[in-house]
Amino acid sequence: MSSFQFVLGWLVIFVSLSTLFSFYSVGFFMHDEDICRHFYGAYDGFDIKSLTARVDEVLNKMEALQNKLELTVKQMDKNKLRSNIPRLEYKRLLEEEVIRPLSSAQIALRQIRLPRVEGTTTVTTIKEDPLINAFVIEEIRKYITPKVNRNGNVNVYGAPMIYNTIGHSCVLMKKELEEYMDYDIGSYCKDDWNLAQKLMIYGCDPLPRRRCLTRASKLYRKPYPIDKSLWEIPDGRNVRWSNYKCRNFECLSSKNPKRGYTKCTGCFEMDKEKVKWVTNSSVSVDFVIKDVLAIKPGEIRIGLDYGVGTGTFAARMREQNVTIISTALNLGAPFSETIALRGLIPLYVTLNQ
């Protein structure tokens, strides 16, 4: 009997030591940093601060949502006592102020990623996709995440994945970029042309592609025939005017000092545009059309015109069977839309791009 108790005692001690060793092997007795080193081998090069900032940002978002929910409920109860607010209004408030932000915060928590570890127990390297943990909005995170090739092999460019590019300044404009990429997939994009241009002008260029539908004018009309559209101001109903001081082309006259922009005086007045690049007498230009065509007589086929304008140089060159792509941002006026409605080709990029 004593021998049995002796063997049983040693067995208990052996099991206890084995259990303690197992706990130690999985990092149970380690500090937080030691646990990270144990599971990930090392975390040199991994932006712990960025990940912590993302978690804090989501928690702050959840706290703000809770406060907003409490305030909304109180307001709704107060309004209910004062008036008979329709049920649809409550539903709209619930969807926009509660459900959608809560879903966004939940997705943001799910999308938090830890660094991937590659290698053996002796040689461990951390592979971290850059910038992933710097953003909360799911769409921008999906955009900058490398996409593995379909067959898993190296592609014709010699890369195992496709990397979508964004400008370095996008990181400095994190709030604005997340606002730009916060939308309903498959729905209409927000009317945020000014936000997009601000991002581009300050170096967040090229912008990430969005999976939403670009808005058009609600009053859209069939554009003028091509023989008329080149030298006719477009129908103002074909332009969205919500982001401009002016609400029609008449307001953009050079005679109006409050038109909302200062460059390209007379760009929206065809009587002044018609004489540009044709003669040096009335409008000061560096060259005229005939000078350009004389560089390579009969050989010029395509060109690029960059800067603020409404496409008049491209219109003149089109009459000479030369295709010109015009670049213009909508800085205070619908330059890009005007170029397109004249039957020309607008390219919406910044000068640095």
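A nonpolar core, as I will use the term today, is a set of buried Ala, Val, Leu, Ile, Met, Phe, Trp, Tyr and Cys residues joined through side-chain atoms within 4.5 Å. Please keep in mind throughout that what we are looking at is a predicted model.

With that in hand, let us begin with the largest nonpolar core, which has 28 residues, and in which L252, F268, M317 and F335 are the residues with the most contacts inside the core. If you look for the elements that give two or more residues to this core, you will find α11, covering 289-295, α12, covering 312-318, and α13, covering 335-341. Which of these elements gives the largest share? The answer is α12, from which four residues of the core come.

It is worth pausing at M317, which, once residues up to four places away in sequence are set aside, touches I289, V292, L293, V322 and I324. There is also a second core, separate from the one just described, made of 23 residues and including L177, Y183, A196 and M200. As general background, in soluble globular proteins nonpolar side chains tend to be buried together.

Let me now turn to charged side chains. In general, side chains of opposite charge can pair when their charged atoms come close. A search of the whole structure finds nine salt bridges, and I would like to take you through three of them.

In the pair formed by K198 and E176, the closest N and O atoms are 4.0 Å apart. Because K198 belongs to helix α8, residues 193-201, while E176 belongs to helix α7, residues 174-180, this salt bridge ties together parts that are 22 residues apart in sequence. As for its surroundings, K198 is partly exposed, with a relative accessible area of 37%.

The next pair joins the side chains of R210 and D192, with an N to O distance of 2.9 Å. Here R210 sits in the loop between α8 and α9, and D192 in the loop between α7 and α8, so the pair ties together parts that are 18 residues apart in sequence. Are these two residues buried or exposed? R210 is buried, at a relative accessible area of 16%, and D192 is buried too, at 12%.

Finally, R237 forms a salt bridge with D235, and in this pair the closest N and O atoms are 2.8 Å apart. The two partners fall on either side of the cut-off for burial, because buried means under 20% relative accessible area: R237 is partly exposed at 37%, whereas D235, at 16%, counts as buried.

Definitions and conventions. Residues are numbered from 1 along each chain as its sequence is written. This is a predicted model: local features need pLDDT of at least 70, side-chain atom pairs count only at pLDDT 80 or more; totals for chains, interfaces and linings use all residues. Side-chain values use heavy atoms; hydrogens and water are left out. Buried means under 20% relative accessible area, exposed over 50%, partly exposed in between (1.4 Å probe, protein chains only). Contact means heavy atoms within 4.5 Å.
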